[in-house]
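Biologist: Please take a close look at one helix, the way its residues are placed and what they touch, and then set it beside the side-chain pairings found elsewhere in the chain. I would like each term given with its cut-offs as you go.

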Amino acid sequence: RLQTFVSGLAPKYRLCMIDETLYYRCQREGWTRDFVEQFPTWEQYRDLGIGVVVMHGDEIAAGASSYTRYRDGIEIEIDTREDYRCQGLATVCGAALILACLDRGLYPSWDAHTEISVALAEKLGLKNIGKATIIDPATSEKTAEYANLLYELRKNKGMTPEKAAQLVLDPLYFGCLIIKSGDADGQISGALSTTGETLRPALHI
């Protein structure tokens, strides 16, 4: 099925792996920067990253790439330039990237966080994502409760209600507070954060 998506790319487009030239181009163009941003040098991207783009003439129309890399897999980033959307290009790029990952023995995962992303993930065969409950600290009805919990836990260390309200919006703090309150049993983090950033909330909470 994935190969069918790739083969269905319209003739006016061409599919390209992100090579050195495209790596630097993705760095320069604002909307494509996330494709390579976590790999500061081309050499790091070449050795650890993987990505594809759909080209229309000399323009990058869409792409899918490794936002980050862990031991045996990648976290997928997919985007389409606004004026090329609704043409199925994200599907083509996602399918091509998954196939490339499978060829390299890498596990592709995607933290799809919008309804459109979830639908695309399921279309590409990443079906379990639809079972996830996605919670945004900025809009959760329990954010104020967790902020107050953080304040109570750390007020003897100088925590203020204002600082707690700011920190609770950090997903790492938010996740630890969910666990502390008994609303979750554990969390997985660290793919997008340093070791210190990951451990600090756990040590504080």
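Modeller: A residue is called buried under 20% relative accessible area, exposed over 50% and partly exposed in between, with a 1.4 Å probe and protein chains only. This is a predicted model, in which local features need pLDDT of at least 70 and side-chain atom pairs count only at pLDDT 80 or more, while totals for chains, interfaces and linings use all residues. Residues are numbered from 1 along each chain as its sequence is written, and side-chain values use heavy atoms, with hydrogens and water left out.

The helix I have chosen is H6, which covers residues 143-154; helices (H or I, at least four residues) and strands (E, at least two) are DSSP runs, numbered from the N terminus. H6 has 12 residues, and the distance from its first C-alpha to its last is 16 Å, close to the 16 Å expected at 1.5 Å a residue, where the expected span is 1.5 Å times one less than the number of residues. Its buried residues are Thr143, Tyr146, Ala147, Leu150 and Arg154. Viewed down the axis of H6, these buried residues fall within an arc of 105°, so they line one face of the helix; the arc is that of the directions from the helix axis to the C-beta atoms. The partners against which the buried residues of H6 pack are helix H7 (161-167), helix H8 (171-180) and helix H9 (195-204).

Thr143, which lies in H6, deserves a closer look. With a relative accessibility of 11%, Thr143 counts as buried, and its side chain reaches the backbone oxygen of Pro137 at 2.5 Å. If residues up to four places away in sequence are not counted, Thr143 touches Pro137, Val168, Leu169 and Phe174, a contact being heavy atoms within 4.5 Å. Further along H6, Glu152 forms a salt bridge with Lys155, with the closest N and O atoms 2.9 Å apart; the term stands for a side-chain nitrogen of Lys or Arg within 4 Å of a carboxyl oxygen of Asp or Glu. Both ends of that bridge are partly exposed, Glu152 at 40% relative accessibility and Lys155 at 36%.

By this rule the count of salt bridges comes to nine. In one of them, the side chains of Glu59 and Arg81 meet at 3.3 Å, N to O. That pair links distant parts of the chain, 22 residues apart, with Glu59 in strand E3 (residues 59-70) and Arg81 in the loop between strand E4 (73-80) and helix H4 (89-104). Glu59 is partly exposed at 33% relative accessible area, and Arg81 is also partly exposed, at 21%. Another bridge joins Asp47 to Arg46, with the closest N and O atoms 3.1 Å apart; here Asp47 is exposed at 51%, whereas Arg46, at 45%, counts as partly exposed. Salt bridges also link Arg25, Glu29 and Asp58 in a network.

A polar contact of another kind involves Ser109, whose place is in strand E5 (residues 107-109). Ser109 is buried, with a relative accessible area of 18%, and its side chain makes a polar contact with the side chain of Glu75 at 3.2 Å. Such a contact is a pair of N or O atoms within 3.5 Å; within protein, one must be able to donate a hydrogen and the other to accept it, and residues adjacent in sequence count only if both atoms are side-chain atoms. Leaving aside neighbours within four places in sequence, Ser109 is in contact with Tyr70, Ile74, Glu75 and Ile76.

The last group is aromatic. Rings of Phe, Tyr and Trp (its six-membered ring) pair if their centres lie within 6.5 Å, and planes under 30 degrees apart count as stacked, over 60 as edge-to-face and the rest as tilted. The structure holds eight aromatic pairs. In the pair of Trp31 and Phe35, the ring centres are 6.0 Å apart and the planes stand at 75°, so the pair is edge-to-face. Trp31 is partly exposed at 23%, whereas Phe35, at 1%, counts as buried. Phe39 and Tyr45 also form an edge-to-face pair, at 5.4 Å centre to centre and 85° between the planes. In that pair Phe39 counts as buried at 5%, and Tyr45 as buried at 1%. Together with Tyr23, Tyr24 and Trp42, Phe39 and Tyr45 form one aromatic cluster.
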